[in-house]
Amino acid sequence: MKIRPLQDRLIVKRVAEESKTKGGLFIPDTAKEKPLEGKVIAVGNGKVLEDGKVRPMDIKAGDTILFSKYAGTEIKLDGEEHLILREEDVLGVLEK
């Protein structure tokens with residue numbers, strides 16, 4: 001399925017979190033928190049300003065981002081969970 005986000009929205013796939021601690025203990029799924037890190041799958045054109053101009057997005061597809069804990073709307077695409085976020089919900093771009 002193809003989807004194109006509108007305006008200043010982006011589609012993110014959460015990055016899998018470690019299931020083992022540094023000490024070697026396994027963390028059960030019920031005790032895990034959802035990761036706040038994800039990979040950008042698609043981005044919209046940008047935010048439409050009051051004067052009608054479009055401000056392009058700072059984030060591009062392929063970036064790894066850090067986002068707010070309760071941000072976005074969860075959706076399923078081809079059986080996988082994704083998030084639709086606004087650009088303002090992104091806290092930063094992770095550079096590795």
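## Briefing: an all-strand chain and its buried acids

E87 is buried, with a relative accessible area of just 10%. That makes a handy way into this model, which is a predicted one. The chain has 8 strands and 0 helices, so from the N terminus on you simply read β-β-β-β-β-β-β-β. Below is a quick tour: the whole chain, then two acidic residues, then strand pairing, then a patch on the surface.

**The chain as a whole**

- Of the 96 residues here, 25% count as buried.
- The accessible surface adds up to about 7100 Å², and carbon and sulfur atoms account for 52% of that.
- Take the contacts between residues at least 6 apart in sequence: 60% of them join residues at least 24 apart.

**E87 and D8**

- E87 sits in the loop between β7 and β8, with β8 covering 90-94.
- Why does E87 count as buried? Its relative accessible area is 10%, and the cut-off for buried is under 20%.
- Setting aside neighbours within four places in sequence, E87 is in contact with D8, L10, R55, M57, D58 and I59.
- D8, one of those contacts, belongs to the segment before β1, a strand that spans 9-14.
- D8 is buried too, since its relative accessible area is 4% and anything under 20% qualifies.
- Which side chain does the D8 side chain meet in a polar contact? The partner is the side chain of R86, at 2.7 Å.
- Leaving out residues up to four places away in sequence, D8 touches G46, K47, M57, L85, R86 and E87.
- M57 turns up in the contact list of D8 and also in that of E87.

**How β1 pairs**

- β1 pairs with β2 (residues 37-43) in the antiparallel sense, over 5 bridges.
- In that pairing, R14 has G38 of β2 as its bridge partner.
- β1 also pairs with β7, again antiparallel, this time over 4 bridges.
- On the β7 side, V12 has L83 as its bridge partner.
- R14 itself lies in strand β1.
- R14 comes out as partly exposed because its relative accessible area is 22%, which falls between the 20% and 50% cut-offs.
- How far apart are the C-alpha atoms of R14 and H82? They are separated by 6.8 Å, although the two residues are 68 apart along the chain.

**The β6-β7 hairpin**

- β6 (residues 73-77) and β7 (residues 80-86) run antiparallel, with 5 bridges joining them.
- I75 stands opposite H82 in β7, and H82 is the residue in the C-alpha pair with R14.
- The two strands make a hairpin with 2 residues between them.
- Which residue in the turn has a positive phi? That's D78, at about 55 degrees.
- β7 thus shows up twice in the pairing story: it joins β6 through 5 bridges, and it pairs with β1 over 4 bridges.

**A nonpolar patch on the surface**

- Four leucines, L36, L66, L91 and L94, form a nonpolar patch on the surface.
- Together they have about 310 Å² of accessible area.
- L66, one of the four, is found in strand β5, residues 64-67.
- Is L66 buried, partly exposed or exposed? With a relative accessible area of 32%, L66 is partly exposed, because that value lies between 20% and 50%.

Note on methods: Residues numbered from 1 in each chain as written. Predicted model: local features only at pLDDT ≥ 70, side-chain atom pairs only at ≥ 80, totals over all residues. Heavy atoms only, no water. Buried < 20%, exposed > 50% of the residue type's maximum accessible area, 1.4 Å probe, protein only. Polar contact = N/O pair within 3.5 Å; in protein donor to acceptor, adjacent residues only side chain to side chain. Contact = heavy atoms within 4.5 Å. Patch = residues over 30% accessible without salt bridge, like charges linked within 9 Å, V, L, I, M, F, W, Y side chains within 5 Å. Areas by Shrake-Rupley, 256 points an atom, 1.4 Å probe, with all protein chains shown as cover. Salt bridge = Lys/Arg side-chain N within 4 Å of Asp/Glu carboxyl O.
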